[in-house]
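Hi,

Here is the structure I said I would pass on. Have a look at it first, and then read my notes on the pockets, cavities and surface below.

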Amino acid sequence: MEFRDIILLLHPVIAVLVVFPLIGILVNRALQVRQRRLQTLAAGKSKIPATVGQEHTQLGRWLTGAVVGIVLIAFANDIFGNILDKQLWAKAPFQVVFIGLLFVAAIASLYLLYQAKQKNWRGIFATLTGIALVVLGCQDGIYRKTDQWYISHYYHGLTAALLMIFSLSILPDIYKDKTNRWRKVHILLSSIALLLFIGQGITGTRALLEVPLTWQEPYINMLYEQKCDTKSCTIQQLALPQNPKYK
């Protein structure tokens, strides 16, 4: 297994070890927050501790960072793998520098979003983070499956990340709004994001089967070129270079 393959596996490893456990705990805390609010309105008190709201907020902040982080890792693996394969640093050095700056901008904007207090600045940094993710996702080398966007791991993941960024940007407004408008928006967006995360578990498993390791790529590319995914076909053994990794 080459270094690029190890980087490829970082994305699902972090998702399994960090993101999905956070989602489970976050959903549990969200249900407790709602239950406590209903009990307080009905009886004036609740056995659920008040700290559950703070825990829910903190877990949401962690989840946003984790989701954006694994999206950037996936993008970096595909984009820089494509740069290495096509030697773009020699053919289009400006493009490579621009892509690198986009990664820096995404990380910096997310960090500043966490630090921002004023509503306008939160909106600006959330927008910049989202734009950086979208532009990076449009780069060559990204495994998108646009023809099947409705079951695409890329589109589900990017949409979920954008929803998490927006939810983070409106977080202070939820507690200041006495009309509960922002709370309802937050609940709606979080419910959609949860469905997308469930879809991510399914489409991510499929993507792991479809995205080949480095040594498998020549064979898999030949299968796709002959459209063996839609019809029966036979391929000849590839004449691979004399390299120990192909033996």
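What follows is a run through the open pockets, then the enclosed cavities, then a patch on the surface.

One thing to keep in mind as you read: this is a predicted model.

**Pockets**

Let's start with the largest pocket, which has a volume of about 1,200 Å³. It is lined by 43 residues, and the ones closest to its centre are Leu8, Asn77, Asp78, Tyr143 and Val211. Five helices each put at least two residues into this lining: helix 1, helix 2, helix 6, helix 8 and helix 9 (217-225). Helix 2 has the largest share, at 11 residues. If you sort the lining of the largest pocket by class, you get 23 nonpolar, 13 polar and seven charged residues.

The second largest pocket holds about 950 Å³ of space. Its lining runs to 37 residues, with Ala30, His56, His186, Ile187 and Ser190 nearest the centre. The elements giving two or more residues here are helix 1, helix 2, helix 6, helix 7 (171-176) and helix 8. This time helix 1 supplies the largest share, 11 residues. By class, the lining of the second largest pocket splits into 21 nonpolar, 11 polar and five charged residues.

**Cavities**

Now for the closed spaces. How many cavities of 30 Å³ or more does the structure hold? There are two.

The largest cavity contains about 60 Å³ of space. Going along the chain, its lining takes in Tyr143, Arg144 and Lys145, then Ile151, Ser152, His153 and Tyr154, and finally Thr203, Arg206, Ala207 and Glu210. You may recognise Tyr143, as it is also among the residues closest to the centre of the largest pocket. Helix 6 (153-169) and helix 8 (181-210) each contribute at least two residues to the lining of the largest cavity, and helix 8 gives the most, with four. The class count for the largest cavity is four nonpolar, three polar and four charged residues.

The second largest cavity has a volume of about 30 Å³. Around it sit Ile79, Asn82, Ile83, Leu88, Gln95, Ile99, Gln139 and Asp140. Two or more of these lining residues come from each of helix 2 (51-86) and helix 4 (93-115). Helix 2 has the largest share, three residues. Sorted by class, the lining of the second largest cavity has four nonpolar, three polar and one charged residues.

**Surface**

Last, the outside. Leu9, Val13, Val16, Leu17, Val18 and Leu208 make up a nonpolar patch on the surface, and together they have about 520 Å² of accessible area. Helix 1 (residues 3-43) gives the most to this patch, with five residues, while Leu208 lies in helix 8. Is Leu208 buried or exposed? Neither label fits, because its relative accessibility is 48%, so Leu208 counts as partly exposed.

If you want a place to begin in the viewer, try helix 8: it gives the most residues to the lining of the largest cavity, is one of the helices lining the largest pocket, and also holds Leu208 of the nonpolar patch.

Happy to talk it over whenever suits you.

Cheers

Note on methods:
Residues numbered from 1 in each chain as written. Predicted model: local features only at pLDDT ≥ 70, side-chain atom pairs only at ≥ 80, totals over all residues. Heavy atoms only, no water. 1 Å grid on protein atoms, 1.4 Å probe; cavity = no way out; pocket = protein on both sides within 12 Å on 5 of 7 lines; lining within 4 Å. Points joined across faces, edges and corners; volume = space filled by probe spheres on them. Nonpolar A, V, L, I, M, F, W, Y, C, P; charged D, E, K, R; others polar. Patch = residues over 30% accessible without salt bridge, like charges linked within 9 Å, V, L, I, M, F, W, Y side chains within 5 Å. Areas by Shrake-Rupley, 256 points an atom, 1.4 Å probe, with all protein chains shown as cover. Salt bridge = Lys/Arg side-chain N within 4 Å of Asp/Glu carboxyl O. Buried < 20%, exposed > 50% of the residue type's maximum accessible area, 1.4 Å probe, protein only.
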